[in-house]
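Student: Could we go through this model together? I'd like to ask things as they come up.

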Amino acid sequence: MKEFSLNGTVRTELGKKATRELRKQDIIPCNIYGVETENGAPKAVAFTVAMADVRNLIYTPNVYIVNLNLSGKEVKAIIKEIQFHPTTDKVLHIDFYQITEDKDIVIGVPVKLNGLAEGVRAGGRLNLSIRSIKVKAKYTAIPDVLDIDVTPLQIGKSIKVGSLSFEGLAFATSPEVVVCSIKATRKSIQAAQQQ
């Protein structure tokens, strides 16, 4: 997986008023969950990041491991959730989750379709139904993309999550979910009738 370095500042002032002031300055309030304290118990840590620093992390189809520097403490994390304003689409809040090499994580990995499907050669249209599939694995085993070969796919056929397998990955997305399919077009229907 690709990595992204990010500097954060631990928050001391919490609450709505402090959060509103931060957002006016283009600073995003964040939380990271799973950070272990001295006694070994996990806790949430509130911190802030500048919008300019996370723009390339948020607006991308790629999945990143984030190397967070929280006021001098290095933490590896993934983005769990991003909250956007309902009308302006401005980022309101980001939740991160600390990751370690011994724990499995669940994360959505982008799908990449490879090859020219037989159904497309026959005049059909390739339809991508989902852009990412949720997988469960150790973060070191998660690829940048899930490469799916569509070459043998015929018109009217589809590939479901349950028919896929990748070494070291378990799927958290339902096996019945359709990843891609070949739809018939007028041209393909006319070609089939003329034969």
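**Around His93**

Tutor: Let us begin with His93, whose side chain comes to 3.2 Å from the backbone oxygen of Pro29; please keep in mind throughout that this is a predicted model.

Student: Which element is His93 in, and is His93 buried or exposed?

Tutor: His93 belongs to strand S6, which covers residues 91–98, and with a relative accessible area of 12% it counts as buried.

Student: Which side chain makes a polar contact with that of His93?

Tutor: That is Asp95, whose side chain is joined to the side chain of His93 by a polar contact of 2.8 Å.

Student: And what does His93 touch further off in sequence?

Tutor: If residues up to four places away in sequence are not counted, His93 touches Arg23, Ile28, Pro29, Cys30, Asn31, Glu81, Ile82 and Gln83. One of these, Cys30, is itself buried, at 0% relative accessibility.

Student: While we're on cysteines, how many disulfides are there?

Tutor: A search of the whole structure gives zero disulfides. Cys180 is buried too, with a relative accessibility of 0%, and it is the bridge partner, in S13, of Leu128.

Student: What sheet is S13 part of?

Tutor: S13 is in an open sheet of three strands with the order S8-S13-S11 and antiparallel pairing. The edges are formed by strand S8 (125–128) and strand S11 (158–160), each of which pairs on one side only. On average, neighbouring strands of this sheet are turned by 10 degrees against each other, direction ignored. Between S8 and S13, which run antiparallel, there are four bridges.

Student: Switching topic: what is the order in the sheet of four strands?

Tutor: The order is S10-S7-S9-S12, in an open sheet with mixed pairing. Strand S10 (146–149) and strand S12 (170–171) stand at the edges with a single partner strand each, so one side of each has no neighbour in the sheet.

Student: How many bridges does S7 make with S9, and how many with S10?

Tutor: Strand S7 (residues 104–114) is joined to strand S9 (residues 132–138) by seven bridges in an antiparallel arrangement, whereas S7 and S10 pair in the parallel sense over four bridges. As an example from the first pair, Ile105 stands opposite Ala137 in S9, and from the second, Lys112 stands opposite Asp147 in S10.

Student: Which face of S10 is Asp147 on?

Tutor: Asp147 is on the uncovered face together with Asp149, while Leu146 and Ile148 make up the covered face. That fits a general pattern, since in a regular strand the side chains alternate between the two faces of the sheet.

Student: Which residues sit at the heart of the largest nonpolar core, by contacts with other members?

Tutor: Of its 26 residues, those touching the most other members are Ile105, Ile107, Ile133, Val135, Ile142, Ile159 and Val179. At least two residues of this core come from each of S7, S9, S10 and strand S13 (178–183), with S7 giving the largest share, four residues. Apart from this core lies another, of 21 residues, which includes Phe47, Met51, Leu57 and Tyr64.

Student: What is Ile142 in contact with?

Tutor: Leaving aside its neighbours within four places in sequence, Ile142 is in contact with Met1, Ile105, Ile107, Val109, Val135, Ala137 and Leu169.

Student: Last one: where does Gly72 lie, and is it buried or exposed?

Tutor: Gly72 lies in the loop between strand S4 (64–70) and strand S5 (73–84), and it is exposed, at a relative accessible area of 63%. Its C-alpha atom is separated by 49 Å from that of Ser181, which is 109 residues apart from Gly72 along the chain.

How values were computed
Residues are numbered from 1 along each chain as its sequence is written. This is a predicted model: local features need pLDDT of at least 70, side-chain atom pairs count only at pLDDT 80 or more; totals for chains, interfaces and linings use all residues. Side-chain values use heavy atoms; hydrogens and water are left out. Two strands pair if DSSP finds at least two bridges between them. Buried means under 20% relative accessible area, exposed over 50%, partly exposed in between (1.4 Å probe, protein chains only). A disulfide is a pair of cysteine sulfur atoms within 2.5 Å. A nonpolar core is a set of buried Ala, Val, Leu, Ile, Met, Phe, Trp, Tyr and Cys residues joined through side-chain atoms within 4.5 Å. Contact means heavy atoms within 4.5 Å. Axes are lines fitted to C-alpha atoms, for helices over the stretch in contact, and angles run from 0 to 180 degrees between N-to-C directions. A polar contact is a pair of N or O atoms within 3.5 Å; within protein, one must be able to donate a hydrogen and the other to accept it, and residues adjacent in sequence count only if both atoms are side-chain atoms.
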